[in-house]
Amino acid sequence: VQLQASGGGLVQPGGSLGLSCAASGSIWSINAMGWYRQAPGKERELVAGITSGGTTNYADSVKGRFTTSRDNAKKTVYLQMNSLNPDDTAVYYCKMNIRAIVVNYGTDYWGKGTLVTVSS
């Protein structure tokens with residue numbers, strides 16, 4: 001199982017950026033999906049999560065600005081980021097709890113991370 005994230009880059013303050021993360025491999029089902037970020041000198045933190053049923057939760061710092069969604073058929077999770085500010089600069093990681101084929105439990109998998117830089 002592998003996760004491939006894409007969509008990072010440089011954006012000006014107030015701008016928008018979208019991230020996506022697709023899973024591939026011998027996948028039976030995907031449970032929760034989420035996005036985390038790690039800024040320089042800081043610990044990794046949860047940004048947004050979405051359950052298999054579509055229930056979402058967000059860090060207080062991004063509520064009202066970020067939206068996460070998922071496409072189960074495409075095994076993909078998305079993060080739409082609006083009204084970005086320099087404090088959003090970080091490496092963004094996706095995480096999925098995936099039940100692989102021939103096992104009966106879920107395992108957390110992480111993408112490699114994609115850098116988002118908010119700067120003028």
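# Briefing: sheet, disulfide, salt bridges and rings

At 37% relative accessibility, W110 counts as partly exposed. Its partner Y93 in an aromatic pair is buried, with a relative accessible area of 14%. The model is predicted. It holds an open sheet of 4 strands, 1 disulfide, 5 salt bridges and 2 aromatic pairs.

**Aromatic rings and the arginine over them**

- The search of the whole structure gives 2 aromatic pairs.
- One of them is Y93 with W110, in an edge-to-face arrangement: the centres are 6.5 Å apart and the planes meet at 80°.
- Y93 belongs to strand 9 and W110 to strand 10, so this pair ties together parts that are 17 residues apart in sequence.
- Y36 joins Y93 and W110 in one aromatic cluster.
- R44 lies over the face of Y93, 3.7 Å from the ring centre.
- The charged end of R44 also sits over the ring of W110, at 4.7 Å from its centre.

**The four-stranded sheet**

- The strand order is 1-3-8-7, and the pairing is antiparallel.
- Strand 1 and strand 7 are the edge strands, each pairing on one side only.
- From one strand to the next, the twist averages 15°.
- Strand 1 (residues 2-6) runs antiparallel to strand 3, with 5 bridges between them.
- Within that pairing, S6 stands opposite S20 of strand 3.
- Strand 3 and strand 8 (residues 76-81) are antiparallel too, joined by 6 bridges.
- Here C21 has V77 of strand 8 as its bridge partner.
- Strand 7 pairs with strand 8 in the antiparallel sense, over 6 bridges.
- T68 faces L79 of strand 8 across this pairing.

**Two faces of strand 3**

- In a regular strand the side chains alternate between the two faces of the sheet.
- Strand 3 (residues 17-24) shows this alternation.
- L17, L19, C21 and A23 point to one face and are buried.
- G18, S20, A22 and S24 point to the other face and are not buried.
- S20, opposite S6 in strand 1, is thus on the face that is not buried.

**The disulfide**

- The count is 1 disulfide, and it joins C21 to C94 with an S to S distance of 2.0 Å.
- The link of C21 and C94 is right-handed, with 50° about the S-S bond.
- C21 lies in strand 3 and C94 in strand 9, so the bond ties together parts that are 73 residues apart in sequence.
- C21 has 0% relative accessibility and counts as buried.
- C94 is also buried, at 0% relative accessibility.
- C21 therefore has two roles here: it is bonded to C94, and it is the bridge partner of V77 in strand 8, while counting as buried because its relative accessibility is 0%.

**Salt bridges around D88**

- The total is 5 salt bridges.
- R37 forms one with D88, with the closest N and O atoms 2.9 Å apart.
- This pair links distant parts of the chain: R37 is in strand 4 (residues 27-38), while D88 is in the loop between strand 8 and strand 9 (90-100), 51 residues away.
- R37 is buried, with a relative accessible area of 6%.
- D88 is buried as well, at 1%.
- R65 forms a salt bridge with D88 too, the closest N and O atoms being 2.8 Å apart.
- R65 sits in the loop between strand 6 (56-58) and strand 7 (66-71), and D88 in the loop between strand 8 and strand 9, so the pair ties together parts that are 23 residues apart in sequence.
- R65, like D88, is buried.

**D108 with K95, and the network**

- The side chains of D108 and K95 meet in a salt bridge, 3.7 Å from N to O.
- D108 is in strand 10 (residues 106-110) and K95 in strand 9, 13 residues apart, and the pair links distant parts of the chain.
- D108 is partly exposed, with a relative accessible area of 40%.
- K95 counts as buried, because its relative accessibility is 18% and the cut-off is under 20%.
- Salt bridges that share partners join R37, E45, R65 and D88 into one network.

Definitions and conventions. Residues numbered from 1 in each chain as written. Predicted model: local features only at pLDDT ≥ 70, side-chain atom pairs only at ≥ 80, totals over all residues. Heavy atoms only, no water. Buried < 20%, exposed > 50% of the residue type's maximum accessible area, 1.4 Å probe, protein only. Pairing = 2+ DSSP bridges. Salt bridge = Lys/Arg side-chain N within 4 Å of Asp/Glu carboxyl O. Disulfide = S-S within 2.5 Å. Axes fitted to C-alpha atoms, helices over the stretch in contact; angles between N-to-C directions. Phe/Tyr/Trp six-rings, centres within 6.5 Å; stacked < 30°, edge-to-face > 60°. Lys NZ or Arg CZ within 6 Å of the ring centre and 35° of its normal.
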